[in-house]
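User: I would like to go through this model with you and ask, for each label, what value stands behind it. Please set the values against their cut-offs wherever the reasoning needs them.

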Amino acid sequence: MFHNSSQRKYWIFKKEDELEHMRCKANQKFRNKILESGKPGLSESMFLERHEEDVLFRHYERRLLDFCNAFKPAMPKSVVGTAIMYFRRFYLNNSIMEYHPRIIMLTCAYLSCKVDEFNVSSTQFVGNLLQETPAGQERVLEQILEYELLLIQQLNFHLVVHNPYRPMEGLLIDLKTRYPTLDNPESLRKSADDFLTQAAMTDAGLMFPPSQIALTAILNSASRAGLSMETYLTECLGLREDKEALSKMYDSMRRMKTLLKKYELPKPEEVNAYKQRLERIHVEFSTSSNKRKRGYEEDGHVAKEPRLVEEEWTDEDLM
Amino acid sequence: MDDQGCPRCKTTKYRNPSLKLMVNVCGHTLCENCVEMLFVRGSGNCVQCDTPLRKSNFRVQLFEDPTVDKEVEIRKKVLKIYNKRDFDFPSLREYNDYLEQVEDIVYNLTNNIDVENTKLRMEQYQRENRDLIQRNKATLTREQEELEELLLLEQQGNEQRRLEVLQEEQRQLQAKRKNKQALLDELEQSQLPATILLAQHKVRAAQLETQIEQQKQTVKPTNLFSTGIHMRQTVSLMAVPKVEEVLYHYKPLQVKTYGPPVPELEQLGRLGYLNHVRAAMPQDTAGGYTSALACHRAVQDAFSGLFPPKG
């Protein structure tokens, strides 16, 4: 259960500043590492700034969501939620410049299928990468398997993620049973679902318990529909006397809604510009020597001498 | 089984598993044939270490590792001299020190460390405690004799019982044969019709059977428990020391869920929650699934961590 889970103990933070601080630290750590290694021909401007990293992170997160939604067989929502949470937690402590997001996102999806017991064989998994030939898919699979252990380590082996989908179901059941004032809670479901999907794209999962996120989703969709649910909180959840807790809860809900409002879709021009720089950084500073051993397809052509030329598969190969 | 061969003839041990290995004082093995061979020629030296040997020094090997055998021999000799018992010592510590001394001596002699010194020490000890050694030897032999007597008695008892059982069986066989013979005689001589005779015979046979059964079941009265205590004897044991401790109080487990209380699994139906959950299909109930389980899980998850932590 959530109350004695590792998520509550280690992966719930109080303020957004804390999260920002951790990400800056990761960024700084990578920069120091490269500067210390003393490679020639580098300059400070080559590195990505925090906000640029952020844009790229959101872009790849979107790609992850699209990949999971297009997955065959259909991926349950909890698997998608877990994958996105892994992605987010990984880049809390590591910089995008160090590990390229397109591999990490596939590794997150792969690991999340395993952890959530959504049984997909590895060949079936890479079979969903429609742009690649089978040989290309094999290579991607090898990369995924390489990065899997790294991902688990960076998650500090805390693999169980509590998503807000089941709490939402539970709250709907409770509403139907104990709150007759609201005559059709099912009508709230669609809008609450959208809220939850949007919330997965923000840091809400790292700051609030999933039950609170679910409650906010339902209250939000109720207020959208013009229904008032104040009495639910006071009567059914027993908060009539505890004004302090009630006000705190409203506060958290407000903060969550602000988080959602702040989210903006990454703009394509910015994304492309930053991507170029990211590719350059990876080509120059990539520490993994395995990439040099194989050649990759680029835009459908098979490299003639795969062992000598280092060609990487691009994002277009994913979708 | 035995992965070592005889160092001299090497092959014979594998070919002939019944061949025994003999061990001597230097700790090296030789098979029986090689021992004969060695002493036929009159030379008495060990093959591996060239120590002079006597034929009488060879003993049949009991352990796989010949060094163990060697140690056993040495221990026997040492213990003949160092034969103090635990009641000879005023305190446990001194007894343990003495035992450690003995072990040191055995270890030194087995591994050929400091042999001279050790032998000197042994001789000195022997001289000092000569009469004590003699006395202990006497007590030891007496004890051994008592044990042997007990063993003998037990064996005799077993033999007797076995004979008795055999005799019983014989008697029963004879009784049965007599019965059959009696039937045949009666069939010959008596005037009664055959069916009545057969019925009578059957009755007698049944009676005989029950008799035999009863005899088997009577337990021979004995007045000794198997541990040797007499049945009527009252054994006074030492009083068990009383240990006073704080009594254990059961306290039920309290789990903080940081949320509103969740109704119990069994109450869910009564409270009306189950109306809003998909009912369990017959295939699901076969495995023990009930819709209350899914409902309870969903409600638990909904309420867990809902309230902000205090403070």
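Analyst: A point to start from is chain B, where 25% of the 311 residues count as buried; please keep in mind that the model is a predicted one.

User: What makes a residue of chain B count as buried?

Analyst: The label requires a relative accessible area under 20%, and 25% of the residues of chain B meet it. The accessible surface of chain B comes to about 24300 Å², with 55% of it belonging to carbon and sulfur atoms.

User: Which share of chain A is buried, and how much surface does chain A expose?

Analyst: Buried residues make up 54% of the 319 residues in chain A, while the surface that chain A exposes is about 15300 Å², 52% of it supplied by carbon and sulfur atoms.

User: How many helices and strands does each chain have?

Analyst: Chain A has 14 helices and zero strands, whereas chain B has 10 helices and three strands. Along the sequence, the pattern of chain B reads α-β-β-α-β-α-α-α-α-α-α-α-α.

User: How do you know that the span of helix H7 of chain A agrees with its number of residues?

Analyst: Helix H7 of chain A covers residues 134–154, and its 21 residues, taken at 1.5 Å a residue, should span 30 Å; since the C-alpha atoms at its ends lie 30 Å apart, the two values agree.

User: Where is the kink in H7(A) centred, and what angle is behind the word?

Analyst: The kink is centred on A:Tyr147 and amounts to about 30 degrees, the angle being taken between axes fitted to the seven residues ending there and the seven starting there. A:Tyr147 is also one of the buried residues of H7(A), which include A:Val140, A:Ile144 and A:Leu151.

User: Which helices do the buried residues of H7(A) pack against?

Analyst: They pack against helix H4 (77–93), helix H5 (101–115) and helix H6 (122–126) of chain A, where contact stands for heavy atoms within 4.5 Å.

User: What makes A:Phe125 stand out in the largest nonpolar core?

Analyst: That core has 104 residues, and A:Phe125 is listed with A:Phe87, A:Ile218 and A:Met229 as those with the most contacts inside it. Leaving aside residues up to four places away in sequence, A:Phe125 touches A:Ile144 as well as others, among them A:Phe67, A:Phe71 and A:Leu106. A:Ile144 itself belongs to the buried residues of H7(A).

How values were computed. Residues numbered from 1 in each chain as written. Chains lettered and ligands numbered in written order. Predicted model: local features only at pLDDT ≥ 70, side-chain atom pairs only at ≥ 80, totals over all residues. Heavy atoms only, no water. Helix = DSSP H or I, 4+ residues; strand = E, 2+ residues; numbered from the N terminus. Expected span 1.5 Å × (residues − 1). Buried < 20%, exposed > 50% of the residue type's maximum accessible area, 1.4 Å probe, protein only. Areas by Shrake-Rupley, 256 points an atom, 1.4 Å probe, with all protein chains shown as cover. Core = buried A, V, L, I, M, F, W, Y, C linked by side-chain atoms within 4.5 Å.
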